[in-house]
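Colleague: Could you take a close look at one part of this model, the disulfides and the other cysteines? Please keep it plain enough for a first-year student.

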Amino acid sequence: MRRRLSAALLISLTVLFLFASISLHLSRSSISRSDLVTRYPIPSPTSDLIRELQSPPSIHVNVDPISTVAVLLPDWEILVIVSPETPLSAGHHSYVCVFQNNSTSDAKLAGILPSRNRTAFYCLMPRGVKRLRPFLQPALSTRLHHINTNKHSPELFRWTFLVYESFSTVDDVVLFAKGLNNRPGVNRPPSEFRCVFGDNAVRTAVTSSSQEVFRCQHPDLTALNDAVNATTISLEIVEKNQVVPSVAYHTSPKRRQIINGSDLIAGNTQPSHELCACTMVYNVAKVLREWVTYHSRLGVDRFFLYDNDSDDDLGHVVPQLNREGFNITTTFWIWPKTQEAGFSHAAVFGKSLCKWMMYIDVDEFVFAPNAWSQAPAPERHMLKSLIPKEPDIGQVSILCNEFGPSNQKTHPLEGVTQGYTCRRRLGRLQQRHKSIVLLEAVEHSLLNMIHHFQIKKEFRSWQLSMEEAIVNHYKYQAWPEFQTKFRRRVSAYVVDWTETVNPASKDRAPGLGFKPVKPSGWEDMFCEVRDERLTMLTKKWFGSPSSKMVWQS
């Protein structure tokens with residue numbers, strides 16, 4: 001009996017041993033779903049689904065990270081800027097941002113920054129990253145080849161404390177920076193700062209500090225180890241021995257070329273255009289043709305648009321207008337609340353191209369009631385005739401009339417000059433004004449109050465009477481158009497309308513609260529004077545037998 005039990009036990013152990021061996025052999029020969037996806041990718045919807053189900057959503061491959069720098073903007077939006085001379089092999093829709101916890105978000109093409117023509121992308125910060133501290137800079141990766149982020153990545157830059165742009169003139173360097181002169185009318189002395197060039201920290205003196213604009217001397221290029229065309233530039237706060245985070249680059253003026261490809265900064269001694277116009281824009285594609293057509297026929301030679309992150313059809317409208325013979329240059333100016341800095345940039349950028357620069361918005365139309373009312377057609381000398389001939393006049397100011405919705409519920413297809421015909425009755429002290437500026441007369445600091453500049457002492461300003469010229473400002477339009485103003489005010493020193501401060505400010509719409517909620521009776525508001533002078537004149541000048549205006553598509 002004992003011998004039978006021993007034999008049975010021996011047989012059982014042998015069977016278990018054989019079963020274990022076979023199982024071990026099979027497990028070593030098996031291929032997991034993860035291995036299958038990684039080693040044998042199948043270009044089909046099934047494999048795409050498997051990739052999406054994997055956690056974390058990345059494929060570990062040996063790829064070099066794309067050299068970038070990133071800035072945290074309002075509303076948890078991140079601007080990722082590709083470093084100069086860094087090629088992008090994939091299409092603009094093929095990138096993602098990889099964050100410090102390996103979560104990702106889609107990278108959307110933002111535009112091309114003016115300094116060094118760098119490509120920039122937007123990414124939204126994932127919810128899980130918002131709880132982390134500190135915020136580290138994400139990596140930019142192709143959608144198919146994610147990379148794990150470096151745990152030692154630098155901290156994310158903040159848009160409120162940043163050197164964000166630079167421009168080189170023949171004589172000096174102009175820097176644009178946030179977070180240093182934060183109060184309107186209060187500017188820190190230039191001696192508190194120094195310009196810093198390159199990684200080896202070559203420094204030069206700051207000669208001007210005004211608002212967000214700083215000017216400094218050019219560095220000795222022989223002292224820079226970096227390539228001349230890819231040298232970083234920033235500002236140092238001397239007392240704190242602190243260098244401000246920067247995404248700006250210094251460019252030698254001899255190598256900087258104007259966008260049109262024919263004029264060099266150092267080449268021209270006389271501007272090629274008598275009168276130009278500059279404005280900052282956001283989603284103005286539907287009204288741009290009317291504004292450009294009108295002012296071009298009256299004498300504007302060239303237009304400078306500073307695009308503050310438009311997401312409409314502006315990128316198609318501007319090239320079409322240029323093909324039709326208009327001269328429009330668009331600068332991608334992404335930075336929030338930097339209108340004054342953008343206009344300062346235009347003053348130095350356009351100085352070699354334009355003698356006079358008119359600073360008005362795309363909802364503003366310059367009009368000479370007495371001189372033009374009987375003219376059968378627009379003529380190219382009309383706007384230029386508003387500029388006095390005295391050589392010491394450096395700036396011409398024109399008062400504004402503010403028009404209301406004029407019972408319009410949607411954007412008038414025939415244009416704003418036809419659709420809005422009723423305005424407010426304002427006293428002279430209540431009226432805003434816009435300016436035509438002699439760029440040679442602009443003060444070295446480039447100080448401006450949105451639409452007029454501080455000029456040099458040897459020049460003076462001249463204000464036209466309302467009979468000589470007026471700006472029709474179509475300010476309070478149909479509600480779907482007007483409510484976009486709640487997005488963000490572009491001026492650095494004007495609070496956004498959603499902020500519950502300064503309710504009596506002239507920059508606010510009378511009777512409007514802090515939220516984009518349509519007031520009762522909006523269509524009839526701001527209507528105290530019926531004014532159809534420019535309506536009738538533009539109908540005569542730009543109308544057609546088909547009753548359509550020339551700017552109607």
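Modeller: What follows goes through the cysteines pair by pair, and then turns to cysteines outside those pairs. Keep in mind that the model is predicted.

A disulfide is a covalent bond between the sulfur atoms of two cysteines. In this model a pair of cysteine sulfur atoms is called a disulfide if the two are within 2.5 Å, and by this rule there are four disulfides. If the bonded cysteines are counted along the chain, the pattern of pairing is 1-2, 3-4, 5-6, 7-8. Three of the pairs are described here, one at a time.

Take C97 and C123. Their sulfur atoms are 1.9 Å apart, and a disulfide joins the two residues. The angle about the S-S bond is 75°, and the link is right-handed. This pair connects distant parts of the chain: C97 belongs to strand β3 (residues 95-98) and C123 to strand β6 (residues 118-124), with the two positions 26 residues apart in numbering. Both C97 and C123 are buried.

The next pair is C195 and C216, joined by a disulfide with an S to S distance of 2.2 Å. Here the angle about the S-S bond is -100°, and the link is left-handed. Because C195 is in strand β11 (residues 193-197) and C216 is in strand β13 (residues 213-216), the pair ties together parts that are 21 residues apart in sequence. Are these two buried or exposed? Buried means a relative accessible area under 20%. C195 has 0%, so C195 is buried, and C216, also at 0%, counts as buried.

C276 and C354 form another disulfide, with 2.0 Å from S to S. The link of C276 and C354 is left-handed, with -85° about the S-S bond. It also joins distant parts of the chain, since C276 lies in strand β17 (residues 273-281) and C354 in strand β20 (residues 354-359), 78 residues apart. C276 has a relative accessibility of 0% and therefore counts as buried. The value for C354 is 1%, so C354 counts as buried too.

That leaves C278. Why does C278 have no bond to C354? The closest cysteine sulfur to that of C278 is in C354, but the distance is 9.4 Å, which is too far for a bond. C278 is nevertheless buried, with a relative accessible area of 0%. One further cysteine, C400, counts as buried at 1% relative accessibility.

Conventions:
Residues numbered from 1 in each chain as written. Predicted model: local features only at pLDDT ≥ 70, side-chain atom pairs only at ≥ 80, totals over all residues. Heavy atoms only, no water. Helix = DSSP H or I, 4+ residues; strand = E, 2+ residues; numbered from the N terminus. Buried < 20%, exposed > 50% of the residue type's maximum accessible area, 1.4 Å probe, protein only.
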